[in-house]
Amino acid sequence: MVEIPDSLQSLFSATVELRDGSYVIEIPKGEIDHNAISPSETYRVGVLEQDESVTETDSDRRTESRPEPTEPASKPPAPPVDEGEIRDVTIESVGDQGDGIAKVERGYVVIVPGAEPGDEPTVEIEEVQQNVAFASVIDSDTSAL
């Protein structure tokens, strides 16, 4: 289970890219617009693996076959969920506000009020932002009964 420290200032999904001999993680503009982070400041960054089914060899192959960007990087990928979408999730942890936290594709975070770690509810996605979605439980996990 992932523990989220109180000092967490920002949480988002990004791809590590090779540029001019360095590895780069782009920070979404919204993180700066919402004052989660500030340019020219130094931050400690945690990196979590996206998906157990992606091997290191697969990642390396994709990076090597990708052409070097010739223009500014495109906008970040769209969130992997849509408003109104119904899906089953597994609650991994609880956030500072007491809401359940689930992760879906690419480590994208879904906040589920009233859910506890280990719950596997069916939820409806109510609000989607670039880095996080908010959902409500429409059917609780019945396997624990």
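1. A good place to start is the hairpin made by β5 and β6, which has five residues between the two strands. Have a look at Arg106 in that turn: its phi is positive, at about 60°. Keep in mind that this is a predicted model.

2. The two arms of the hairpin run antiparallel, and four bridges join β5 (residues 100-103) to β6. If you want one pair to find on screen, take Ile101, whose bridge partner in β6 is Ile111.

3. Is strand β6 (residues 109-112) covered on one face or on both? On both: Val109 and Ile111 are buried on one side, and Val110 and Val112 are buried on the other. So Ile111 turns up twice in these notes, as the partner of Ile101 and as one of the buried residues of β6.

4. β6 also pairs with β8 (residues 132-139), this time in the parallel sense and over three bridges. Here Val110, one of the buried residues of β6, has Ala133 in β8 as its bridge partner.

5. On the other arm, β5 is joined to β4 by three bridges, and those two strands run antiparallel. Val94 is a handy marker, with Gly100 as its bridge partner in β5.

6. Now zoom out. These strands belong to an open sheet of six, in the order β3-β7-β8-β6-β5-β4, with mixed pairing. The edges are β3 (86-88) and β4 (91-94), each of which pairs on one side only. On average, neighbouring strands of this sheet are turned by 40° against each other, ignoring direction.

Conventions: Residues are numbered from 1 along each chain as its sequence is written. This is a predicted model: local features need pLDDT of at least 70, side-chain atom pairs count only at pLDDT 80 or more; totals for chains, interfaces and linings use all residues. Side-chain values use heavy atoms; hydrogens and water are left out. Buried means under 20% relative accessible area, exposed over 50%, partly exposed in between (1.4 Å probe, protein chains only). Two strands pair if DSSP finds at least two bridges between them. Axes are lines fitted to C-alpha atoms, for helices over the stretch in contact, and angles run from 0 to 180 degrees between N-to-C directions.
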